[in-house]
Amino acid sequence: MKKLYFILFLFTGIISGNSLKAQFEYKDVAHIFYSRCTSCHHENQHAPPFMNYYQTTLPSYALLGNLTSNTMPPWTPDTTYTRFQHEHIITDQEKNDLINWINHGELAGDTTLAPPAPTYPQYQLYGTPDLILRTGTFVSNASTDDAYNCFSLATNLTQDRILRAYEIVPGNAPIVHHVVVNIDSMGTTTSSLNGSCYTITGDVGIGGYAPGAPPTVFPGQAHLKAGIRMKAGCKLVLQIHYPAGTAGQIDSTQIRLYFYPVGTTGVRPVYASVPLQNWSLNIPANTTRTFTANATNLFNTSVFATFPHSHKICTSLINYAYQNTDTIPLIKINNWRFDWQGYYTFRNLVKIPAGYTLYSSHFYDNTVGNPYNPNSPPINVFAGTSTTDEMLFDSFLWLVYQPGDELIDVAAILANDPLLAGVNENTTPNLISNVYPNPTSDKLNIYFSKKSDYKISISTIEGKNMLTAKTNEDYSQLDVKNISSGLYILQAQDIKSGESFSKKVIITHK
Ligand code: HEC
């Protein structure tokens, strides 16, 4: 009998591959932390940093728990239903590799063999903003409860402008849980800073900030120029959520705005609205309930982004549009988490024809089985704006449809947007070990992590090729002195494996 067990063990070992595989060391998993975690987990953020071996080994039990429960990386939209830009996801392979590394004692190995850590600039958008608004020094008032404060900031715009992009930069990121932005076109709102500003005033919500969130950028190139109109004299209202226990700590958050130049023509307006609302929620203690909302889509629309909203009793939701048997999926969240809500930008504009019905359904679990139930024991919960009430409040950013919209690849346009400086870096972080000097005026040295056949190019952020080179060594030196000053994209591809890498490089001639 003993023998049989042994054979079985060996057999399952081979199938799972784990027990026979060479054990992972930090150098084998560092790239997973860098590509899947450190956008949020770096220094001075709300999440603890995972930028080196020492930092990743600290919360080992937590690591495993968060990974196996799919809590981290936090991404609640169901990727089998619809896909969005900037998804915080991890592949099964990467997750298994991490779990394997953790289960085998988080071996350090030679940590100097790990790929270089990515760098996170203070600002994600390039160029100089047209307007920077700040909350001013604010001392958090969140002692035993979370605090919500609304800062009403005058833009002092003397003429209407069209918003092309904005970025919210917390002054003290570890204590800023999230920020929601509304435009107050009339400019009449005032700040509400007593910690209970649950209803953010203003007329149009345009998005916000959450840890790891990218800046909001509207496509600004020939075949799709879009933006949100901001009226002269308008204010921006920032609702900032400071978590309990942060009282006394100081924050000064800024919003950095980029406008289209005055007089730019052909910019299509982006509208924000909340067509799906239900204010008759009534969820008795110890029950579960489903509530819905619907609205007729009056004309052809192109949906840019979606922002479904509920509080802590809600556990799942779905939005779609339909007519007869045709259904257009919008968003499905199977494990709604108040803490991880956000604006989700579609990869392509989603056409919803006139006459279709927009539909929302939210499921509420007001029992002790809901670990996020704010009341213990549960109490009757009704619709309301306080976080202990409930909401069904699903909003969208959208454009008036134009033929061909559904074919526009918004993700591709934004990938080449000069404000975002082109490309995602570190597509294969372990392909290149070093590029320097950067900025450079003359020579650019590229060190690969191994010898292979490489194809190298330097192009403008609009994609115009400036220089190509080849090497079959692990090193190459490019002469860039004839390329004019500017921001460029260095791309390298391992011709044998197909792996590629891209990095921003700056050329400056004084
Ligand atoms: C979108 C941002 C984001 C991404 C991406 C992300 N995290 Fe997190 N993570 C957070 C935040 C924020 C917290 C703090 C949670 C809180 O305070 O509620 C956190 C907390 C954690 C914790 C708990 C830490 C502690 O001290 O208890 C672990 C462990 C963790 N994350 C692991 C990971 C791993 C592993 C990845 C990548 C595979 C990852 N996270 C990706 C935002 C992120």
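**A tour from the iron site outward**

Met72 is partly exposed, because its relative accessible area of 23% falls between the two cut-offs (buried is under 20%, exposed over 50%, with a 1.4 Å probe and protein chains only). The model is predicted, so local features need pLDDT of at least 70 and side-chain atom pairs pLDDT 80 or more, while totals for chains, interfaces and linings use all residues. Residues are numbered from 1 along each chain as its sequence is written, and side-chain values use heavy atoms, without hydrogens or water.

Start at the metal. His41, through NE2, and Met72, through SD, coordinate the iron atom of the ligand at 2.0 to 2.2 Å. These two residues come from distant parts of the chain, 31 residues apart. His41 sits in the loop between helix H2 (26-36) and helix H3 (53-57), and Met72 in the loop between helix H4 (60-68) and helix H5 (92-103). Helices (H or I, at least four residues) and strands (E, at least two) are DSSP runs numbered from the N terminus. A donor is an N, O or S atom within 2.8 Å of the metal (3.2 Å for Na, K and Ca). Six donor atoms surround the iron, and the arrangement is octahedral because their angles run from 87 to 179°. Octahedral requires six donors, with opposite ones over 155 degrees apart and all others between 65 and 115.

Now look at the two ligating residues and their setting. His41 has a relative accessible area of 11%, so it is buried. An N or O atom in the His41 side chain lies 2.7 Å from a nitrogen atom of the ligand. His46 also reaches the ligand: an N or O atom of its side chain is 3.4 Å from a ligand oxygen. In total, 18 residues surround the ligand, each with a heavy atom within 4 Å of it. The closest are Cys37, Cys40, His41, Ala47 and Met72. H4 gives the most to this shell, three residues.

The backbone around the site has some unusual points. Most residues other than glycine have a negative phi, and most peptide bonds are trans. The bond from Met72 to Pro73 is cis, with omega near -10°. Pro73 lies in the loop between H4 and H5. Asn44, in the loop between H2 and H3, has a positive phi near 60°. Its relative accessibility is 62%, so Asn44 counts as exposed. Glu106 is not a glycine either, yet its phi is positive, about 50°. Glu106 lies in the loop between H5 and strand E1 (131-134). At 6% relative accessibility, Glu106 is therefore buried.

Move on along the chain. Asp146 occupies the loop between strand E2 (138-139) and strand E3 (147-154). Its relative accessible area is 28%, so Asp146 is partly exposed. The C-alpha atom of Asp146 is 7.8 Å from that of Gly195, which is 49 residues away along the chain. Arg164 belongs to strand E4 (residues 161-169). Arg164 counts as buried because its relative accessibility is 10%. A polar atom of the Arg164 side chain lies 2.7 Å from the backbone oxygen of Phe218.

A second cis bond links Ser376 to Pro377, with omega near -5°. Pro377 is in the loop between strand E21 (357-366) and strand E22 (381-382).

Finish at a hairpin. Strands E29 (residues 486-494) and E30 (residues 500-507) pair in the antiparallel sense over eight bridges; pairing takes at least two DSSP bridges. Gln493 faces Ser500 in E30. Five residues separate the two strands, and Gly498 in the turn has a positive phi of about 80°.

Technical notes: Tetrahedral: all angles 85-135°; square planar, octahedral: opposite > 155°, others 65-115°. Polar contact = N/O pair within 3.5 Å; in protein donor to acceptor, adjacent residues only side chain to side chain.
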